[in-house]
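Subject: Structure for you to look at

Dear colleague,

I am handing over the structure we spoke about, together with notes on what turned up in it. Please read them with the model open beside you.

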Amino acid sequence: MRRVGFLATAWLLASCAVQTPPRVHEPLDYLPALTGDYFPLRSAGSGTTYHIYIRYPDGYAEHPNQRYPIVYLLDGDSALPLLAPEHLFIHYDDKIPDAIMVGIAYGSFDPSVNHRHFDYSPASGKPSEGGAPAFERFLREQVVPTVESRTRADPTHRILVGQSRGGGFVFYSAFTDPDLFWARVASSPTLKPGREIYFANPVPANRTDL
């Protein structure tokens, strides 16, 4: 009986030793450069569900009457965690205005989920390209109204940022809906496919402060 009791005790101790404690998910609020909000948003046109991350400016809650420029980042899966801290640093160091930053993310880099190649490219005759008109409509009719109804954004200072193929979409947006954004940043833009549209006349802007 003593042997059985010893074996049972050893088994219980071994079981306790190998148990993994439950994982605790810490909120991003502990990271000052990423403090903000999140919500999923399904595109009415394509049916794709995007992940919308919002980074609030430093001291956002303490200044309830202040409105801020708002920066929309394409490829938010990587762009938001990369650029939000940099923006915070240059706000502290160089005193540039702080801003609300919005990452429009896919939630994965897997091509079966991440449709950036399709979303950011104008029509080219290929079924894998040509989603830019629908994605621009999604920005204009769903993303911008939803985000700006939840935040204290200054809609007159709305900025679009994209890199590579996302930078190509920034150019596409400038040609097709110039008034939607006050400013645009295209980093190393890819202007293929659909570069022929840039040899035509763009849609004229109504704003004079772009």
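Two rings of Phe, Tyr or Trp (for Trp, the six-membered ring) are treated here as a pair if their centres lie within 6.5 Å. Ring pairs of this kind link Tyr 50, Tyr 106, Tyr 120, Phe 135, Phe 138, Phe 169 and Tyr 172 into a cluster, and the structure as a whole holds 14 aromatic pairs. Please keep in mind throughout that this is a predicted model.

One of the pairs is formed by Tyr 120 and Phe 135, whose rings meet edge-to-face, 5.5 Å centre to centre and with 70° between the planes. This pair links distant parts of the chain, 15 residues apart, with Tyr 120 in the loop between helix 3 (116-119) and helix 4 (132-150) and Phe 135 in helix 4. Both Tyr 120 and Phe 135 are buried. A further pair joins Phe 175 and Tyr 198, and it is edge-to-face because the planes stand at 80°, with the ring centres 5.0 Å apart. Here too the partners come from distant parts of the chain, 23 residues apart: Phe 175 belongs to helix 5 (residues 165-176), whereas Tyr 198 lies in the segment after strand 6 (183-187). Tyr 198 has a relative accessibility of 17% and therefore counts as buried. A ring also takes part in a contact of another kind, in that the charged end of Arg 152 sits over the ring of Tyr 60, 4.0 Å from its centre.

As to the overall architecture, the protein has five helices and six strands, which run α-β-β-β-α-β-α-α-β-α-β from the N terminus on. Of its 210 residues, 37% are buried, and of the contacts between residues at least 6 apart in sequence, 66% join residues at least 24 apart. The protein exposes about 12400 Å², of which carbon and sulfur atoms supply 60%.

Helix 5 deserves a separate look. It has twelve residues and reaches 17 Å from its first C-alpha to its last, close to the 16 Å expected at 1.5 Å a residue. Its buried residues are Arg 165, Gly 166, Gly 167, Gly 168, Phe 169, Val 170, Tyr 172 and Ser 173, and what covers them includes helix 3, helix 4, strand 5 (153-163) and strand 6.

Which residues does Ser 121 touch, leaving aside those up to four places away in sequence? They are Glu 129, Gly 130, Gly 131, Ala 132, Arg 165 and Pro 193. Ser 121 itself lies in the loop between helix 3 and helix 4, and since its relative accessibility is 1%, it counts as buried. A polar atom of the Ser 121 side chain lies 2.8 Å from the backbone oxygen of His 117. Pro 193, found in the segment after strand 6, is joined to Lys 192 by a cis peptide bond with omega of about 0°.

Lastly, two residues other than glycine have backbone angles that you may wish to inspect. Asp 75 has a positive phi of about 55° and lies in the loop between strand 3 (68-73) and helix 2 (76-94); at 12% relative accessibility, Asp 75 counts as buried. Ser 164, in the loop between strand 5 and helix 5, has a positive phi near 60°, and at 23% relative accessibility Ser 164 counts as partly exposed.

With best wishes

Notes. Residues numbered from 1 in each chain as written. Heavy atoms only, no water. Helix = DSSP H or I, 4+ residues; strand = E, 2+ residues; numbered from the N terminus. Buried < 20%, exposed > 50% of the residue type's maximum accessible area, 1.4 Å probe, protein only. Contact = heavy atoms within 4.5 Å. Areas by Shrake-Rupley, 256 points an atom, 1.4 Å probe, with all protein chains shown as cover. Phe/Tyr/Trp six-rings, centres within 6.5 Å; stacked < 30°, edge-to-face > 60°. Lys NZ or Arg CZ within 6 Å of the ring centre and 35° of its normal. Polar contact = N/O pair within 3.5 Å; in protein donor to acceptor, adjacent residues only side chain to side chain. Expected span 1.5 Å × (residues − 1).
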